[in-house]
Amino acid sequence: MSSTGAVETETPAEESSAPSPEQLDRIFAILRNHRRRLVLAYLREHDSTTQGDLARHVAAAENGISESAVTSTQRKRVYVSLYQAHLPKLDDFGAISFDRDRGTVERTDRTDELLRYLGRFEDEPRATTLSERQFGLSTVVLLGSALLVVFAGELGMVAADLSLGVAVL
């Protein structure tokens, strides 16, 4: 409320502005956990679901198996952590609507906001660093040189004892 008693509302320009550093910290704290990212990715395709279906999906993704192959132990382990930690944290942030009594999870407007951040990192292949490219190139050059010395020795261009000694170095 303003000092005149009128209720202030945010304009669309304010809503679409970039998040503050504090908001970004909260967003990345939510996205830091792999299980929470899996929950959000599942909700990309489903408007609502149950906690049991989410637990089965997350357990399958974590174990690299199909959802039908998930054991009850795998599902229970994920179910408990979703119930105690991850779903309440996503709900407190507003990324989902979690009804503990019914065990249901629904998307919210903030779900899409977090999915946009996830999409930025999922869609782009990871760029290699300069040191990784240099290491790869030096490895190729070193192995190529060793092979050249060995083959040159086999062809009689270099003494066999010398070529094996150089290749071992």
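Modeller: Two strands pair if DSSP finds at least two bridges between them. Strands (E, at least two residues) and helices (H or I, at least four) are DSSP runs, numbered from the N terminus. This is a predicted model, where local features need pLDDT of at least 70, side-chain atom pairs count only at pLDDT 80 or more, and totals for chains, interfaces and linings use all residues. Residues are numbered from 1 along each chain as its sequence is written, and side-chain values use heavy atoms, leaving out hydrogens and water.

Colleague: OK, so how do you know that β2 and β3 pair?

Modeller: Strand β2 (residues 96–99) and strand β3 (residues 104–107) share 4 bridges, in the antiparallel sense. The cut-off is at least two bridges, so they count as paired. One bridge joins Ile 96 to Arg 107 of β3. The two strands form a hairpin with 4 residues between them, and Gly 103 in the turn has a positive phi of about 70°.

Colleague: Why is α3 called roughly perpendicular to α5?

Modeller: The axes of α3 (residues 34–45) and α5 (residues 72–93) come within 10 Å and cross at roughly 80°. Angles of 65 to 115 degrees count as roughly perpendicular (under 35 is roughly parallel, over 145 roughly antiparallel, the rest oblique), so that label fits α3 and α5.

Colleague: And what makes Leu 82 buried?

Modeller: Leu 82, found in helix α5, has 0% relative accessibility, so it counts as buried. Buried means under 20% relative accessible area, exposed over 50%, partly exposed in between (1.4 Å probe, protein chains only).

Notes. Axes are lines fitted to C-alpha atoms, for helices over the stretch in contact, and angles run from 0 to 180 degrees between N-to-C directions.
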